Amino acid sequence: MLSEIIRDNIKALVPYSSARSEYSGAASILLDANENCYGSGADLSYNRYPDPLQQVLKRRIAVLKGIPEQQLFLGNGSDEPIDLLIRICCTPGQDNILIMPPTYGMYEVAAKINNIAVKEVPLTAEFAIDLEAVLAAIDPNTRIIFICSPNNPTGNLLDAAAIRQIVRSFNGIVVIDEAYIDFAAAGSLYKSLSGCWNVVVLQTFSKAWGMAGLRLGMAMGTEELITVLNKVKAPYNISTPVQELVLKALDNESQVIEWISKIIEEREWLRRSLTALPVVLQVYPSDANFLLVRVNDVTGVYQYLAANNIIVRDRSRIEQCRGCLRITIGRREEHQALLDALQQYSLSK
Ligand SMILES: *Cc1c(COP(=O)(O)O)cnc(C)c1O
């Protein structure tokens, strides 16, 4: 039950009431929020505070996602709801979260910032959920389980049946991070799990939608849970220009869909090309916009690429990713340069 998972201080919290949320009419004289009445130093008119609940934008995104807007939270990146959920559910120095490494680094960082312990139940050698080990690791202070699918940095979708089993068995919040779902063969799990009190699905405009610089993330969950997120967030967490720019970008859905299929095509082209190279030992299956690639002499390869102005992500210090680089899908000519450099690296040995 949600009320057992939320900290008492959050349950008792009276949220900050912003000036304009106390008046919902259409007044033309606004002397309530200590704004500058003349205009903005920036030459566009940003002198007024943004809508704290982003109602116009949220309505559009809810339609895009096919869910009621009451089940949608908008955050400053999806990193914001990750931090908020930890603060809402976990008592510092007492509770813990559970993650399945190798996975996205922010779950652990957000937990550590809040002095919350992190339980690690590694994925199996094939990067699958170790269901038995996860269920066995849950203790009475485990508040949140983070599941990233498709997983970063491994790229694979995690087993939906195992995720459902965790949702059914766990009396705590299950966060399903779908930052890369737009590139995946399977659809979002949200629709089929939206009735579950303990499920939060995260998505973002940073990847497929190409708006990483604007910072807009989404959390989907029950109305009860979304209400708590709204209560705890900073009142004006999404700025006016971001609300405006994303609203405009939503008109370009067909362009985004085209990019997604192009990225998936390029991903498969790059996979085939990499597999043919002597320096490449393994290319892992990917449902995301990157490939995890195991190479010979990972440090040498990484440095050779960097010396040739090609930057990839070195993941080789992570236990299960020994020898691995994470390569984001780019343009064909960028892939060609990467492949050429890898060829030259082999010849130089
Ligand atoms: C990129 C990424 C995000 C997105 O973070 P934003 O704050 O929305 O930019 C979330 N989760 C994972 C696993 C990611 O790789």
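This report describes the ligand site and the sheet of a predicted model.

**The ligand and its surroundings**

Around the ligand stand 13 residues, and of these D177, Y180, S206, K207 and R215 come nearest. Sorted by class, this shell is made up of four nonpolar, five polar and four charged residues. Oxygen atoms of the ligand also lie at short listed distances from atoms of D79, N152 and T204, as the table sets out.

| Residue | Atom of the residue | Distance to an oxygen atom of the ligand |
|---|---|---|
| D79 | backbone N or O atom | 3.3 Å |
| N152 | polar side-chain atom | 2.9 Å |
| T204 | N or O atom in the side chain | 2.7 Å |

The ligand taken alone exposes 390 Å², and the protein buries 94% of that area.

**The sheet and the helix across it**

Seven strands form an open sheet with mixed pairing, and their order across the sheet is β1-β7-β6-β5-β4-β2-β3. At the edges are β1, covering residues 72-75, and β3, covering 117-120, each of which pairs on one side only. From one strand to the next, the twist averages 25 degrees.

The edge strand β1 is joined by four bridges to β7, which spans residues 217-220, and the two strands run antiparallel. Within this part of the sheet, F73 stands opposite A219 of β7.

Helix α4, made of residues 79-89, lies across β1, β2 (96-99), β4 (142-148), β5 (173-177), β6 (199-204) and β7, and it runs at about 160 degrees to β4.

Methods: Residues are numbered from 1 along each chain as its sequence is written. This is a predicted model: local features need pLDDT of at least 70, side-chain atom pairs count only at pLDDT 80 or more; totals for chains, interfaces and linings use all residues. Side-chain values use heavy atoms; hydrogens and water are left out. A residue is near a molecule or strand if one of its heavy atoms lies within 4 Å of it. A polar contact is a pair of N or O atoms within 3.5 Å; within protein, one must be able to donate a hydrogen and the other to accept it, and residues adjacent in sequence count only if both atoms are side-chain atoms. Accessible areas come from the Shrake-Rupley method with a 1.4 Å probe; for residues, only the protein chains shown count as cover. Ala, Val, Leu, Ile, Met, Phe, Trp, Tyr, Cys and Pro count as nonpolar, Asp, Glu, Lys and Arg as charged, and the others, Gly among them, as polar. Two strands pair if DSSP finds at least two bridges between them. Axes are lines fitted to C-alpha atoms, for helices over the stretch in contact, and angles run from 0 to 180 degrees between N-to-C directions. Contact means heavy atoms within 4.5 Å.
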